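Biologist: I'm new to reading protein models. Could you walk me through this one, feature by feature?

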Amino acid sequence: VHFPDVERVEWLNKVLVQAWPYFGTIMEKTFKEVLEPKIRAKNVHLKTCTFTKIHFGEKCPRINGIKAYTKEIDRRQVVLDLQICYIGDCEIHMDISKFNLGVKGVQLYGTLRVILEPLLTDPPFIGAVTLFFVQKPHLEINWAGMSNLLDVPGINVMSESLIQDFIAARLVLPNRITVPLKKNMNIAHLRFPIPHGVIRVHLLEAENLVQKDSFLGAIRGKSDPYALLRVGTVQYRSKTVSRDLNPVWNETFEFVVHEVPGQDLEVDLYDEDPDKDDFMGSLLISLVDVMNDRTVDEWFPLSKTTSGHLHLKLEWFSLVNDQEKLHEDKKGLSTAILIVYLDSAFNLPKNHFEYSNGECGAKKIKNNKYLKKMEREPSSFVLLTVGNKTQKSKTCNFSKDPMWGQAFTFFVHSAHSQSLHIEIKDKDRDSALGTSVVCLSHLLKDPNMTLDQRFQLDHSSSDSFIKMKLVLRALNVEEPDPQRVKAGVNASKQVPVRVVEKGGNQPKFVSPPNPEVSKAPPASKDSAALESLPIKDSREDLDTLDSSTVPAPSETVADLTEAECEHNPEHRPPSALHTRAAVVPSLPVIEEMRLAPSIASLGSLPSSCFELSSSNLDLYNGTEMPLGEIQLTVRYASIRQSLVVLVNGCRNLVSSSNRGVDPYVRIYLLPDRRWSSRKKTSVKKKTLNPQYDEKFEFFESLEDVKKRTLDIAVKNSRPFISQERKELGKVRIDLSQEDLIKGFAQW
């Protein structure tokens, strides 16, 4: 396959062939002298670890092509994309106790970006080299020894995905490896540059999709389409529209874009089936064109299929440090992003008993083995939370002064009211070593909306700190260049796309066919869009159409990370298990799937966006002594035919135990008290002012909801045999007295 802007570099491959044996010798020495001692120090069970054979083989990596960027980049840098392919015959064996583990052959291919910057006027002329994969590289491993078990179907997918996650944590955007070439070169801004921008994707509708549902080889009926949207390693899944070849989604997703050119928007359509989901077409959109056009609202023809068009509205937001752009969005969409550069911590306590209210705790421990475990340095990681999105850092083992060196991004819809919650935990004991809360409004006091300092840790030692840099940037839509011809539908890339069919090992290039261009309705004209809507359920469709021009709001675009799904099992969508088993997208670089509710599909407003109504809510508990307050946001989403209840948080709860309480919120829509219809938030540990920001939906008609009562109780998660009081407080809300379409928010 010929790419006009990718150059062959056979001379470089010849150099690699000559140098490979010497590289292998260096790596063998590194494994024995550096890696082996580190593995032995990790754990007492690994003290006998020995590499018995290290051979990197005769086959060296090959560079299939190099693309050099000369436009859209800074003049003080050189950007290269290397297409790397390694089908190696390396052999590495390791003995641990009496077990033999090993690897016999590795296949790896992906696009490695190399950035040389800054260019200097004196030797060595280049300040530093930055390396990263734009997307997850494809990886296959042949195991040897006892690890042959990992070749068993089902297990090998799990092991390779774990290794891919390990690679992604270090080499895939937004993470980078930066090597300084000049002494005293400050590389912090090279390792963690501010992202290029944010792309907001409105997934509106599709038409003329291919029929995929069949029975005994015959077409049985219409398909059940859904969409997968990806930028880099972040992937969202739309809702499934049942039995419709002209589906209407009206969903909105947001992605942080770290590299342009480099990252593209990929959309794959699938037909959901009980056994195997059928591929229905795909789309690859250049984010460079969207960045230049600012807004693209087009019908795009689908590739790799015989028919079908997809209607997308794409908005590009640049990041600015102008506080005037931070006005709160009336529809609950993001107005800013928070970038957190997590650097390090100092003087962490060895355990949570070491400091209790600033004094040494007097807990007696009889077990010497446990005592030794508590006396060693902590293995700490950090949980960072903004709203209902939590991200987890890597773990630094056995250090009271851990160095993380990672960057995280969060979408922010209200910089004046939201906060960043930090919790440092010990991996081995699952105990908190310190916490900190930073109100984002503090960043507004700085003209650059930046805080770079050490923050004192609460619930920790008096001299325990965490060092972070926080950067807040407003999302801004700039006016496009009036002289520029808009790309429009040409933003769709009609180039060969590398795909791997499920079950195939070797990559192959599939050139998209030229689909017959059907008469796509113009996206800009409401009348034409109305004609394209099905006649049935016209009221609902008209409601849906209104939300396509102004997308229906939600409190945030929250991607539920793996950590969130583990801690909050109630958050996991019901289709999550099925989705993981389903056919993954055709591009092999994404193995991990992160499901997220979209903005329009949730159809609810954040509490900060409601006008506070003078609701006659019974907020008293029937006793003279108040038991605290709970903040709720309630609204009826007419498009989804559901009552949306947002549990924001509680304050001033009364503890029922000397050891503290672990509160959660339970919701019933009375008179229905069935266990299956119960809604429950996650449990917040040891706090009387928990923050939840969790949303729940009851799918009932508005007439039925008006006859119901919300029964909301705050409870203490306690051991089964405990004698402690479980219920901390309760409130009932008569929904017949409320304007649910307008919604209300109240403590």
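Modeller: Sure! Keep in mind that this is a predicted model. Among the elements of the protein chain, strand 8 (residues 197-207) has the highest mean pLDDT, 94, while helix 9 (residues 576-581) has the lowest, 35.

Biologist: What is the mean pLDDT of the protein chain?

Modeller: The mean is 75, and 72% of the residues reach 70 or more. Over residues 355-371, though, the pLDDT is below 50, and that stretch has 13 contacts in the model beyond near neighbours in sequence. Residues 495-623 are also below 50, with 283 contacts beyond near neighbours in sequence.

Biologist: How should I read places like that?

Modeller: Here's the general idea: where pLDDT is low, the predicted coordinates should not be read in detail. Helix 9, with its mean of 35, is a case for that caution.

Biologist: Back to strand 8, then. Is strand 8 largely enclosed or exposed?

Modeller: For a residue, buried means under 20% relative accessible area. In strand 8, 11 of the 11 residues are buried, so the strand is largely enclosed by the rest of the structure.

Biologist: Which strands does strand 8 pair with?

Modeller: General idea again: strands of a sheet pair through backbone hydrogen bonds, either parallel or antiparallel. Here, strand 8 runs antiparallel to strand 13 (residues 248-257), joined by 8 bridges. Find Gly-197 and you'll see Val-257 of strand 13 opposite. Strand 8 also pairs with strand 17 (residues 309-320), in the antiparallel sense, over 9 bridges. There, Ile-199 stands opposite Trp-316.

Biologist: And what is the strand order in the open sheet of 4 strands?

Modeller: The order is 31-30-33-34, and the pairing is antiparallel. Strand 31 (679-680) and strand 34 (727-734) stand at the edges with a single partner strand each, so one side of each has no neighbour in the sheet. Further in, strand 30 (residues 663-670) and strand 33 (residues 709-716) share 8 bridges in the antiparallel sense. One pair to look for is Leu-669 with its bridge partner Leu-710 in strand 33.

Biologist: Let's try the surface. Which residues make the nonpolar surface patch of about 230 Å²?

Modeller: Ile-177, Val-179 and Leu-181 make that patch. Ile-177 lies in strand 7 (residues 177-180).

Biologist: Why does Ile-177 count as partly exposed?

Modeller: Partly exposed is what sits between buried, under 20%, and exposed, over 50%. Ile-177 has 36% relative accessibility, so it counts as partly exposed.

Terms used. Residues are numbered from 1 along each chain as its sequence is written. This is a predicted model: local features need pLDDT of at least 70, side-chain atom pairs count only at pLDDT 80 or more; totals for chains, interfaces and linings use all residues. Side-chain values use heavy atoms; hydrogens and water are left out. pLDDT is the predictor's confidence in each residue, from 0 to 100. Helices (H or I, at least four residues) and strands (E, at least two) are DSSP runs, numbered from the N terminus. Contact means heavy atoms within 4.5 Å. Two strands pair if DSSP finds at least two bridges between them. Patches are made of residues with over 30% relative accessible area and no salt bridge: like charges are joined within 9 Å, nonpolar side chains (Val, Leu, Ile, Met, Phe, Trp, Tyr) within 5 Å. Accessible areas come from the Shrake-Rupley method with a 1.4 Å probe; for residues, only the protein chains shown count as cover. A salt bridge is a side-chain nitrogen of Lys or Arg within 4 Å of a carboxyl oxygen of Asp or Glu. Buried means under 20% relative accessible area, exposed over 50%, partly exposed in between (1.4 Å probe, protein chains only).
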